[in-house]
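I opened the notebook today to look up how helices pack against each other in this model.

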Amino acid sequence: MTGLEIWLLAIGLAMDCFAVSIASGIILKRIQLRPMLIMALAFGFFQALMPLLGWIGASFFSHLIESIDHWVAFAILAFLGGRMVMESFKDEGCRHEFDPTSLKVVSALAVATSIDALAVGISFAFLGVRNFAAILPPIGIIGFVSFALSFIGLMFGIRFGCGIARKLRAELWGGIILIIIGTKILIEHLFLN
């Protein structure tokens with residue numbers, strides 16, 4: 001993957017964090033730096049940790065399916081992207097019943113929003129990322145982008161409320177980005193190799 005693709009992938013993965021952060025900002029109603037930093041750091045940390053764990057697990061068997069690895073990477077990214085697109089059309093009101101200042105809630109949200117990143121880590125192994133030094137830049141970018149978009153989402157939610165969440169359609173755009181990257185990987189392997 002190129003640097004641009006990794007940044008776009010990171011943005012696509014961070015859209016769940018962004019959407020949840022907007023909802024959390026709506027609940028917070030005012031800037032509360034400590035819980036906002038905790039949430040953004042938790043989202044960034046788990047978004048970086050999960051691809052690392054997926055890559056470690058998949059690295060042990062990626063050589064067994066090397067001939068179809070591009071199909072596996074495409075399937076993972078297309079599935080995740082498709083699911084995000086479908087979820088973006090669900091009509092969810094502005095009522096959210098959770099406490100964004102609770103560490104237990106923030107941890108659960110961070111894990112829940114980073115499950116997609118675990119699957120992306122698996123696709124990194126199938127795309128030929130073979131050593132720890134090669135996986136560090138992508139997971140660092142994913143973690144940083146998730147942190148930054150989470151913090152921005154909190155600020156948006158506090159400032160603009162529920163209206164902005166529906167207008168941005170963050171999950172829709174994140175899903176589209178993942179599908180495009182998966183399709184590009186497949187096309188490159190089928191026609192350029």
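The entries below take two helix pairs in turn.

I note that this is a predicted model, in which local features need pLDDT of at least 70 and side-chain atom pairs count only at pLDDT 80 or more, while totals for chains, interfaces and linings use all residues. Residues are numbered from 1 along each chain as its sequence is written, and side-chain values use heavy atoms, with hydrogens and water left out.

**Entry: helix 1 and helix 7.** I looked up helix 1 (residues 3–28) and helix 7 (residues 170–191), which pack at an angle of about 150° with their axes 8 Å apart (axes are lines fitted to C-alpha atoms, for helices over the stretch in contact, and angles run from 0 to 180 degrees between N-to-C directions; helices are DSSP runs of H or I with at least four residues, numbered from the N terminus). The two are therefore roughly antiparallel, a term for angles over 145 degrees. Among the residues that meet (heavy atoms within 4.5 Å) are Leu 8, Ile 11 and Phe 18 in helix 1 and Gly 174, Ile 177 and Lys 184 in helix 7. By class, I recorded 11 nonpolar, 2 polar and 5 charged residues in this contact (Ala, Val, Leu, Ile, Met, Phe, Trp, Tyr, Cys and Pro count as nonpolar, Asp, Glu, Lys and Arg as charged, and the others, Gly among them, as polar).

**Entry: helix 3 and helix 4.** For helix 3 (residues 69–88) and helix 4 (residues 103–126) I noted an angle of about 160° and axes 8 Å apart, and these helices are therefore roughly antiparallel to each other. Their contact includes Val 72, Ile 76 and Arg 83 of helix 3, along with Asp 116, Val 120 and Phe 126 of helix 4. I recorded its residues as 10 nonpolar, 1 polar and 3 charged.

Technical notes. Angles under 35 degrees count as roughly parallel, over 145 as roughly antiparallel, 65 to 115 as roughly perpendicular and the rest as oblique.
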